[in-house]
Each structure stands twice: as C-alpha cells, then as structure tokens.
Amino acid sequence: MGAADNQQVPELGGAGSHAVPRTNKFSSGKLTRLQMVDDEQRFSDKLSEYMQQRWGLADAGFDYNVVAVFGSQSTGKSTLLNRLFGTRFDVMDEGQRQQTTRGIWADRGTDAMPVLILDVEGTDGRERGENQDFERKSALFSLAVAEVLLVNMWETMVGLYNGANMGLLKTVMEVNLQLFGGSQGSKTLLHFVIRDHVSSTPLANLAKTLRIDMDRIWMGLNKPEGLEDAKLGDYFDLKFSSLPHKLLQPENFEQAALALRSQFVDAKSSEYVFQPEYKRRVPADGFPRYAEAVWEKVVSNKDLDLPTQQELLAQYRCDEIAAAALIPFRAAIDALRPRVREGEIVQGLGEVARTARSQALGAFDDQAARYHSEVYAKKRSAFVQTLDGELHALALNQVKNALSQAADTFSSQSHKALEKAESSDRSFSVVVGAVRKRVSTWFNDLVDSLTIEGAEWTLAAEVKQLEAMLDTITAKLREAEMERALKQLRRQAQDTLSEAVADRLNNPDEAMWSGVMAGFDAANAEAEQQLRRRMDMAEVYGGEQRSKLQRALRSGVWEDMVRALKEEVADQMVLLKLRSKLEDRFRYDEAGLPRVWRPSDDIDAQFAQARSAAQALLPLFSRIDTSASSTLPQPVSAAVGTFFPPGFDVERSLVLISASRQRELGKRFGREADALYLEAKRAMVTTQNHVPVWVMVLLVLLGWNEAMTILFNPLYLVLTALVAGSAFVLHNLRLWGPAVRAVGGLVNVANDHVHELLVEAVNRTDPGRNRDAPAEGRSRRQARSEEIEMDPLGDSSKDSSVSRSSNSSHSISRSNSSHSISRSSSKSQLHT
C-alpha cells in the first residue's frame, strides 16, 4: 500500500458544495480497504474479519449491496469509486502512466452506506501483456458476485471492439452462462459510465451504440443447452451515464459525479440502482464463503484460457468475411422478400435462394479457409446457420402463402364440384378426393422447389399442416353438405305440409288433426328417407352423428308445420274460418241451398246452433292434437331426446292460441255473429211488408176499363211505354232527385216567361208604369236559373234534391202570387 495509505480524497465541487466524507465511521482513522484477491490469484483469508470488524456488515443480513468496477487500465476507475462512495483506493499518479490497482480490492462506502465496493484490476495493461487470464477471471468474478457492475470507459472507446472491452465482455458473459446461467436467479445491472464526454454526441446516441454492441455480443454467444432462447434482458439490465472531462471541465465533472452518486444513495430516486431484482440473496455473514467459492470455481474453469493471437485474428477476419458475403446474399433475397410478405407466391424462389446461398458460402470459403482451421470451422457453421435461418424464414413465408391459397382453392373447388355432383350418384369422397389430390400435388411440388440440399431445416411440418388443414376443411364441407341437405329436405317437406295444413284447417271437423298429423308423418318419412340417402353419399357413418342429423331434420319439419299452423290460426284467419262456419250453418240448409227466412221459421234457434258450431272450432284450433300420429311417441314429451333433439320444447310448440287470445277472438267473433243475426232479422221484416191480395184484386177491377183503353189505343200505349221506360231507367240509375230538380227548374222558367209576357202586355197599355219590371224579371229569371244545379248521383243527393225542390216550389208559389197580383192590377187598370 505504501504512500497510497495516506492519500486524501479530494472534495467535490469546491467550497460551498456537498463533499464526500473523507473518513469511514468504522475505520477509526485507519484505512479499511482490503486486497480480496492478490495479483497471484490468491483469495484473502481476512475477508470475514473485515466484514465483521472493519466494515460492520456481518450483521446486515440481506440489507447490503455489492458494486464492482470494470474497465481498461488507467481510465480512472479508482478515481470514480472514490468520488462516488468516498473510498480510498489508490489512484494513478498523473505524472506517470502505470498500473495502480493490482488484483481485486474491496472497501465499504462512507456515511454508513451498506455497500461493498470492489475495485478490479484494469484490463489491457502492459504489465500483463498478452496474458489476459487474470482480467477474464476477475471480470467473471465481478459478474457473479456484484449486483451493479460499473463499466468505465472513455467516450472515444464507444463503438470500438477491443477498446471498449467487448471481446472480454463476450467471453465472461458466455462463461457466466455456462457456470451460473442455470442457477442464478437474479439479474446484474451493467452501468456504463462514459468518461470525458466532451463531444456534441448526445448520451442517448452513445447508449444506443452500446446497446447494439451488447445485443450483438449476446446473439453471438455459444449458449449452453437449455438456454438457447435466453435473452440479454433475462440476465442483465443496461444503464448509461456520462461524466465531463475531469481536467477540462472540473466543475461540471464534480456536479455530474454528485448526481451520479445520488443514484447509489437516494433510495427514493427514480434512478436508484439497487433494485430488488439485482439481489443475490446471500446473507452478509455468508458472503466471505460465497465469494471464495465463486473465485475457486472461476479459477478452476479452463474455458477462461486465453486464445492465441492467431485465433483472435481468425475470429476477427472470419467475422469480416462473413459480413461481406452477406451483402450480395441479402441483396438477392431482399428483392423477393416484400413480394412474399404481401402474400404472393413467387415463382423460382427456391432456385434464387439456392444460388444466393451457394455464392455466399463460396465467397466465405475462398477467403476464410486460410485462417485458423478450428476458428474457420466454427465461424463457417455459424455463417451457414445465419444463411439457412434467413432462407428458412423466407421459405416459411412462401409456404404460408401456399397453405392459404391451397386451403381457399380446395374449399371453393370442392363446393363447386359438390354442387355439380348433386344430381349424380358420385359419393362425397370421390368428388372431394379428386380436388384434394390436385391441391396436394401442387403444394408438394412447391415445397420440393424450396428445399435446399445441405440445409438443416425441412418443410415436412408444413406438409403435415396442409394435410391437417385439408382434413378440417373436408369435415366442414361434409357438415355444410349435410346442412344444405337439411335445408332442401325441409323446404320440400314444407311445401307439402303447407298445402295439407291449409286444406285441413279450411275444412275443420273432428278428424282435422288426424289429417294434419298424417300429412306430417308422410312428409317426415319421405324427408328421412332422402336424408339417409344423402348421408350415405356424404359418408356419414357414425351412428351418433346420423341420429343427430335425423333429430335435427324431424325438429325442423315439425317447426315448419307449426309455423304453417300458426299462419293459419292468425287472428284474421281464425275469424274468417269461424264466420265461414257460421254462415254455412246459418245461411244454408242441409242440402247446401241458401235459406229464405219466413215468418214461420225459428231464426233464433237456427242462429244459436250455428254459433255454437262455429265457436266449437276455437278450442279445436288452439292446440295441436298429436294422438293420431303414427311416428311421434306418446306422450309427446317423451319424444325429446329420442325423436327430437335434447332441449327441444315440444310442449310449448303444441299451443297455437293462448287462453287470452281465445277470449279476445271469442268476443270479436260474437260481435260479427250478432251483426249477421241482425241482418237476417231485417231481411225477414222486409219480406213481411207486402201489399195485401184484396188490394191487388180491387185495383184490377176498378182499373180494368182504363187498362183496356191504354192497351188498345196506340198513342196511349206508346206514351205509357215511354213513361214506364223512363221511370225504370231513373229508378235503376237513382236519378229521381236530379230529374225532380230539372222539372222544377223548367216550371220556374215557364212561370217567369209567362210573368214577363203579362208585364209587357200591361206596359203596352201604360208605358210609364212598371218600367223597371223587365229588368226585375230578367234578374229574377237569372237568379232562378242559377239555382238549377245537378247534384252528384246517388242516395246522398236525395235530401238536397228534396230541399231544393221545396225551394223551387216556394219560388213557384211566390211567382204565382206575383202573377196574380199583376193580373189583378192589370184588370183594374183596364176597367178604369
């Protein structure tokens, strides 16, 4: 230790800033650091003593954390730890660039921080030269025991392979998986601290580059059996921070260091690094033994031996050659990849893939075969896996498209073939099998064209997948064929049942339901016979499946019959049937002749009998009577599960008219029946209002001479015929009202004309008297002519015709009165 024991830790931020305490409360003024592993790879036997006496962590249980630092030599790892945790690790003399930390040193953070810090010897030191055995073992040890591994690097190292220690990280991560991958139940946080960040490149971009490098390293690891699909995130979390240049930007450096320290101190911070998932679940008193056991396992592992420079060169050059060979390979494949992803089946894809693979392998072999044989063989195997992996993915997409097209083609062509073969006797297997053979042959030819000789992958699973898909589609086709058969058979049975139901319910009698059920039995038997034939053609041989289809057909035929019955017993249809029954019994006699009611007939008794007969049909229509069926089990509830499918509600389907509907229909029918009864009563009263016989005899005796005169006088006979004919026409056309009004109007016009003639005669004798009489006569005549109108034909015009006739008669009376007055005045004037 020497002079390093007395080295002081500089304060952060200068005056006024928060400083990292210089002393450890457990040190009592003495240095508390311990060289856990010396440069001869010997593990210290004083770790347990330091844990208990110097650091006070032995009784911490699980409440402690372990942090280690990893990085190249002379990059300021020890300085970083001293700034963050207040430790006193030796730092490099700025006047000399030489190795400071040798082996692995441990110390506890200040301010009672329950954190154990491991300062690991830097990598790539000139002191060890090409012997990188210790740095690999120390890095692996740090990964195994530390919860947080600080990866210290300069900004200029980002993007470099060796400078950023990516090769070393790859090796230790690979061995870490082999040694501890199956048993380690916690993650490790890799916290990359980028030093001397003075460029304009954002930290996010630097972090992105490092993430890509870590992902590439992980993908290139040789993972042990059972961990082939393990992901980087399953074992490591990545975090990134940066610090400004310590000499060029001292104040910014100190501030950034304080901010980074808060991530290890402030448990409430969102950036707090000591998360539960990083815990190793090793109690503090058992940590010394645990760390020693891990070191022994690391030291005894032969996989950490350094490869020779030739091997390193071979690995580097093989990776470069493989990357260069992948460029034309991917160019050829990427040209076809979009078309395949869009669902197209690219013709000649297999030939293009084989050519591109052969050319890529040839280019790799020509240049890489000169290097280390073992490295070349290993890298070639990895390169072949990369090529075959991309080709396999492309071929799988092509096959996926072919599977989709094959399924669609098989389904559509099978449907068409089954429709064409419906009228023939070709079986289902013959029709569908022919289509299946064509589709399978096309698909197998496509798969053969994609096969690559020497590739470790095959498409046998996809061929089996096609067979499974075709089996599924065949089952669906068979099911669809049977559903179509059921629909056709139900439609045929429905046509037969609808006619039979309508005929029986339009002529109801006591044998009505017997006829309906006989029609159902016949239609169902015919449908079942056709169904058995269709099932044989579709190769439906399973007993349970056949029974299921038969029950479905029976329930469908039954539902169609019930639907037809309900249409026939709709409200208007039932009322029509009841009225028809009433009229047949009431208006017609037993011989089917219309009744002519006489006063001697007992119309009330006949009506009561007819109404009772009609009302008796309502309960008959209300419920289906299945007792006469020869196929339905009795009672009908026993048919569920045997004749009908399980769960079929046959009892509910028997009810056609509910009790409430029966009452409502009975009331409505009663009102219609009453109207028919009143009509018959009025007809009887009309037949009773006839002229007595003695009146007819008296008219003949008294009018005999007048009748003879008319018959034997041609003029009277013609006039009588004209009058009788006119009266007949007026009566049949209901023109009596208009005729009366027309005659009244003519009479008014004649009266006005006579009045005018008399007034003119008076004016000739006395010109000065009644000078305005002609004008008054004309206005009266015009007014009366306007009253002459023709009302619409029909009974509705009778009242208006009579009123207008009465008005005309009043006008005529007034005219006659005025004429009489005029004549009287004229006579008095003449007398004078």
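In this predicted model, the aromatic side chains make a good place to start, with the count of aromatic pairs coming to 15. One of these joins Phe 192 and Phe 240, whose ring centres are 5.4 Å apart and whose planes meet at 15°, so the pair is stacked. Phe 192 belongs to strand 6 (residues 188–195) and Phe 240 to strand 7 (residues 236–242), and the pair thereby links distant parts of the chain, 48 residues apart. Phe 192 and Phe 240 are both buried.

A second pair brings together Phe 520 and Trp 558. Here the ring centres of Phe 520 and Trp 558 lie 5.4 Å apart, but the planes stand at 85°, so this pair is edge-to-face. Since Phe 520 sits in helix 15 and Trp 558 in helix 16, the pair ties together parts that are 38 residues apart in sequence. Both Phe 520 and Trp 558 are buried. They also take part in a wider arrangement, as ring pairs link Phe 520, Trp 558, Phe 643, Phe 644 and Phe 648 into a cluster.

The two helices that carry Phe 520 and Trp 558 are worth a look in their own right. Helix 15 (residues 512–537) packs with helix 16 (residues 543–568) at an angle of about 145°, and their axes are 10 Å apart. The crossing of helix 15 past helix 16 is right-handed. On the helix 15 side, the residues in contact include Trp 513, Val 516, Met 517, Phe 520 and Leu 531, while helix 16 contributes, among others, Leu 549, Leu 553, Val 557, Trp 558 and Met 561. The residues of this contact comprise 13 nonpolar, two polar and five charged.

Turning to another helix pair, helix 3 (residues 133–145) and helix 8 (residues 287–300) pack at about 140°, with a distance of 10 Å between their axes. The two are therefore oblique to each other, and helix 3 passes helix 8 in a right-handed crossing. Phe 134, Lys 137, Ser 138, Leu 140, Phe 141, Ala 144 and Val 145 of helix 3 meet Phe 287, Tyr 290, Ala 291, Val 294, Trp 295, Val 298 and Val 299 of helix 8. By character, the residues of this contact divide into 12 nonpolar, one polar and one charged.

Within helix 3, Ser 138 rewards a closer view. Ser 138 has a relative accessible area of 1% and is therefore buried. Apart from neighbours within four places in sequence, Ser 138 is in contact with Ile 104, Val 120 and Trp 295.

Conventions. Residues numbered from 1 in each chain as written. Predicted model: local features only at pLDDT ≥ 70, side-chain atom pairs only at ≥ 80, totals over all residues. Heavy atoms only, no water. Axes fitted to C-alpha atoms, helices over the stretch in contact; angles between N-to-C directions. Helix = DSSP H or I, 4+ residues; strand = E, 2+ residues; numbered from the N terminus. Parallel < 35°, antiparallel > 145°, perpendicular 65-115°, else oblique. Left-handed = near helix turned anticlockwise from the far one by under 90°. Contact = heavy atoms within 4.5 Å. Nonpolar A, V, L, I, M, F, W, Y, C, P; charged D, E, K, R; others polar. Buried < 20%, exposed > 50% of the residue type's maximum accessible area, 1.4 Å probe, protein only. Phe/Tyr/Trp six-rings, centres within 6.5 Å; stacked < 30°, edge-to-face > 60°.
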